[in-house]
Amino acid sequence: MKKTVAQITALTMAAAMALTACGTGGKGTENGGAADSSQTADSDKNAIKDLVTYEAPNREQEGFFILNTEKANDLNVLCNLYAPLLEVDENGKLRPAVAKEWGTEDGGLTWTFKLRDDVKWVDINGNVKADCTAQDWITAMEWVLNFHKNGSQNTSMPLALIKGAQDYYNYTKSLPEAEAKALDTSKMLEMVGIEAPDDYTLVYHCAVNAPYFDTVCTSACMYPVSQALIDELGVDNVNGMTNETMWYTGPYFETTFTMNNEKILTRNENYYDKDAKLFDTVTVRMVDGTQLYQLWQNGELDNIALAEADLRTIYNDDNNQWKPYLSETRPKKFSYQMHFNFDKRKEDGTPDENWNKAVANEAFRLSWYHGLNLTNYWSRTNFIEPLHCENVAYTMKGLLYFSDGTDYTERVEEKLGLPASDGTNPRRYDAAKSAEYKKQAMEELSAKGVTFPVQVDYYIIAGDQNALDKATVLKQTFAEGLGEDFVNLNIKTFVSSQSKEVVQPALGSFYINGWGADYGDPANFIDQERYGYDAAYYSNNYSRINNATDEDLIASYKEFSALAEAAGAIYDDTDKRYEAYADAEVYLLQHAFTIPMEYEVQWQLTKINDYSKMNAMYGAQNYTYKNWQTSVDAYTTEQYKEFQSAGKAK
């Protein structure tokens, strides 16, 4: 099958990736090639066989059905249990997975995938249940687009890109729930641009030219499900499947799941990729950050990110045995932002009118935007190089590049008029400008009956000392930058699920969340904030902007949304598309609808070579425990510098 190049200059993008060692998205060229042999040929006798790693207590897995979640804490596990159409390599380049060959003949309108014929669905005991065929992607797409089966989870990409997807979604939404749940794939196939000419050929028809569509294939919305599993569980039980009732196609089973304790992944001997380097088991423990260093010293974990206190202990003591082993992590793919809640509720469910009026005021938000010097906050993550964590854009850096090699976020920063980083001072911080906005906000809001200081409720997980320490630093940052006469940050706690205990009842004044792109296009970031858009994750779940009542706020949000929608309609010129999205992003930030907070760049002690992992700025696969280079002995600082140099050279 002829393979075509996305309509962005391939040589420029290759050069950009060589310089940045991160994914650029939508650049797939030689799609039928084999994985890099350096990843699969590691036969080092010192490699770890049974990996023990960890997650923070507030990142517990909440679901097992990959089509019904957009949460990283779920996807970081589920990417190991399901096999995707395509994977990424350690530099973010697309490579074959279930699809052994793919391409587009018409500039991104039609995409054809040729599938392997040896992929099996198996249960938790390894019993083969069914062949994995193209029909499983048909069934999955019907589930995603059926409002009453899947809500609006994972709909944003299909609705925007696949022909007829929006029509079918609207159709199912209009039906009674029972009638929609009874639908098979026949009506969808009449309306939506997806087909399977045979069991191992899958064709998608895009609504517009989408030269980056193949990057979507690394995202949760493009994973398969077997109709036989749905029949076995019953439609009403699918979204609530467990590790014991689900079927697997990925490299691992989730053989043990103990809530708030640990999960154990065990090698799937039926996994199709027989050349893959896999662990026999992967144990993921839920660990408070304050316990990590002790567990590392005890030999109980194979990697840890260092909390500030532990990092200082090691770094400031030349005789500490672990100082020669310190290494800085690769930036994770998440851009963290502060998301305001424009429809906050009190614990009794009534509106928090004082907060809602205050946050609707643009001067109030801009005083925060310019007045928070986050250096000490970043130091909680990286005190050696805190400004390595500085984030001044909304979209993640390294995700997108203009045809001349310019990072998309650099263009956003230029349009914002930000100075170049001097390595010392935060680029957005401006105390004088913040004071002007504070004065304006207090005058305007006092006239509307708002009382000061405005009470600001910020939630962290209970019992996590590291989270409390970081929140305490944030509280001090508020006091120093905004003044206790203006706002008062209240640190509150939830027990286990922020989503269920805080976000759904709308108790938080703001949330700090990281967003990682599902595919290589700015729409995947910007569209999450649009007003009145069903697939906008943050608008519908966090900011609740659609429930806001302030007319000026709504008008501004609608203007931003119109800019985003217009940018999304540009498909014939990638540079123009990116330029238009940059304008929308700048509007979003200049009105402080959301505030960029940080990148996750930490220091660590590790027996894992991060530069051998899948690493893209989009998709759901970076936590796939496949082809990792490891050592039973910790890697030294010097070894990590070599890994970094080798990664940049690729």
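Lys and Arg count as positive and Asp and Glu as negative. The exercises below concern a predicted model.

**Exercise 1.** Determine how many positive and negative side chains the chain has, and how far apart the centres of the two sets lie.

*Solution.* First, count each kind: there are 59 positive and 96 negative side chains. Next, compare the centres of the two sets, which lie 1 Å apart.

**Exercise 2.** Decide whether the chain is as compact as a globular protein of its length.

*Solution.* Begin with the secondary structure, which comprises 26 helices and 20 strands. The globule rule gives 26 Å for 650 residues, and the radius of gyration of the chain is 24 Å; these values are close, so the chain is as compact as a globular protein of that length. The box filled by the C-alpha atoms, taken along the principal axes, is roughly 65 × 65 × 50 Å.

**Exercise 3.** State what share of the residues is buried, and describe the largest nonpolar core.

*Solution.* Step one: residues under 20% relative accessible area are buried, and 58% of the 650 residues count as such. Step two: the largest nonpolar core has 179 residues, and those touching the most other members are Leu85, Phe113, Tyr204, Phe213, Trp368 and Phe510. Helix H25 (residues 574-590) contributes the largest share of this core, 9 residues. Step three: take Phe213 and leave aside residues up to four places away in sequence; its contacts include Trp111, Phe113, Leu161 and Tyr204. Step four: apart from the largest core lies another, of 19 residues, including Tyr293, Trp296, Ile384 and Ala634.

Terms used:
Residues are numbered from 1 along each chain as its sequence is written. This is a predicted model: local features need pLDDT of at least 70, side-chain atom pairs count only at pLDDT 80 or more; totals for chains, interfaces and linings use all residues. Side-chain values use heavy atoms; hydrogens and water are left out. Helices (H or I, at least four residues) and strands (E, at least two) are DSSP runs, numbered from the N terminus. The radius of gyration is taken over C-alpha atoms; the globule rule is 2.2 Å times the number of residues to the power 0.38. Buried means under 20% relative accessible area, exposed over 50%, partly exposed in between (1.4 Å probe, protein chains only). The place of a charge is taken as NZ of Lys, CZ of Arg, CG of Asp or CD of Glu. A nonpolar core is a set of buried Ala, Val, Leu, Ile, Met, Phe, Trp, Tyr and Cys residues joined through side-chain atoms within 4.5 Å. Contact means heavy atoms within 4.5 Å.
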